[in-house]
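I opened a fresh notebook page for this one. Here is what I looked up, in the order I went.

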Amino acid sequence: QRSLRLPTGAEVAAIYGSRAGVPLALEVPAGPEEENDAVELVLQAGPESVLGVRGTALLELVAHLGQTSAFQRLRTEEQLGYVVDVHPRRTAGGAWHLSVAIQGNVLDPAGMQARAEAWLETFRGEMGAMAPREMAEEATAVAAAYLEKDRKMGHEVARLWGDICDAAEQGTGDGARRTRPRFDLRERIAAALTAESEEEAGRLKEETLAFFDRVLAGGAPERRALVTRVYGKGSAKTYEENRGKPGILSDYADVQNLQSYLATLPSAQIP
């Protein structure tokens, strides 16, 4: 299995032309009875093979901090909708993403997307203003969640079986082999989030901000993003008007064409 690399802004322009919007957009009608619109901005951080344990830990920390910040800004203050969610997302093939999702009936999907992007910029400032020790304490909370014991045997079995299924296959034919399952991955991520000394706390903050600036921030050169816009009945006309525009995927054929193109490029697969 592999995860296709989402295109950067420059790659979107190369595929669809300079008139294409950035990021790439997948648009879906919700149906004639749906009152709400929704948007999900997915920012591809990279495959596990590139992120490593430290990079995966940094993504978890950013998502943890982001959920509190986004809910406060977009839900409580701006009241954009009753669903505001920020979480890490892993796709088949081992690629990790940061997901920012909003659902409501105050703004149309494009408006929600603009507010999500504006929040990301504000969120970067909030992280930059945090004291290193404060960020380290938040990281400790994430680490503690990773080390929680499974409450039921079924949960433990599902987790361990997932580790087995995630073991990467290397090579082909008779020479193919699988890597060993990483049953200790939770403990290793928790350890990567532990910063006991002030020096370690400072390094954790520095690496977190650098990670954000490299792959998540708006305009970052390595940013690979996809936005999904879901149109309720009040915005259905906009969905129809956008069909066929460059950089907008409006049906299955559009998605297939893009997948065929991306499959010719380097992927985000586990080596």
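**The annotated span**

I began with the record: an unreviewed UniProt entry annotates residues 61–161 as "domain: Coenzyme PQQ synthesis protein F-like C-terminal lobe". I kept in mind that the model in front of me is predicted. Next I looked at how residues 61–161 are built, and found 61% helix and 19% strand. The C-alpha atoms at the two ends of this span are 25 Å apart.

**Trp161 and its neighbours on the surface**

The annotation ends at residue 161, so I looked there next. Trp161 sits in helix α5, which runs over residues 153–166. Is Trp161 buried or exposed? I noted it as exposed, because its relative accessibility is 54% and the cut-off for exposed is over 50%. Trp161 also belongs to a nonpolar surface patch with Ile164 and Phe183, and together they have about 320 Å² of accessible area.

**Aromatic pairs**

How many aromatic pairs does the whole structure hold? My search gave three. One of them is Phe123 with Phe212, an edge-to-face pair with 5.9 Å from centre to centre and 75° between the planes. This pair joins distant parts of the chain: Phe123 lies in helix α3 (residues 109–129) and Phe212 in helix α7 (residues 198–215), 89 residues apart. I checked their surroundings, and both Phe123 and Phe212 are buried.

I also wrote down Tyr231 and Tyr239, a tilted pair at 6.0 Å centre to centre with 50° between the planes. Tyr231 and Tyr239 are both buried.

Last, I followed the ring pairs around Phe123: they link Trp119, Phe123 and Phe212 into a cluster.

Definitions and conventions
Residues are numbered from 1 along each chain as its sequence is written. This is a predicted model: local features need pLDDT of at least 70, side-chain atom pairs count only at pLDDT 80 or more; totals for chains, interfaces and linings use all residues. Side-chain values use heavy atoms; hydrogens and water are left out. UniProt positions are given in the numbering used here, feature names are shortened, and annotations may be inferred rather than shown by experiment. Helices (H or I, at least four residues) and strands (E, at least two) are DSSP runs, numbered from the N terminus. Patches are made of residues with over 30% relative accessible area and no salt bridge: like charges are joined within 9 Å, nonpolar side chains (Val, Leu, Ile, Met, Phe, Trp, Tyr) within 5 Å. Accessible areas come from the Shrake-Rupley method with a 1.4 Å probe; for residues, only the protein chains shown count as cover. A salt bridge is a side-chain nitrogen of Lys or Arg within 4 Å of a carboxyl oxygen of Asp or Glu. Buried means under 20% relative accessible area, exposed over 50%, partly exposed in between (1.4 Å probe, protein chains only). Rings of Phe, Tyr and Trp (its six-membered ring) pair if their centres lie within 6.5 Å; planes under 30 degrees apart count as stacked, over 60 as edge-to-face and the rest as tilted.
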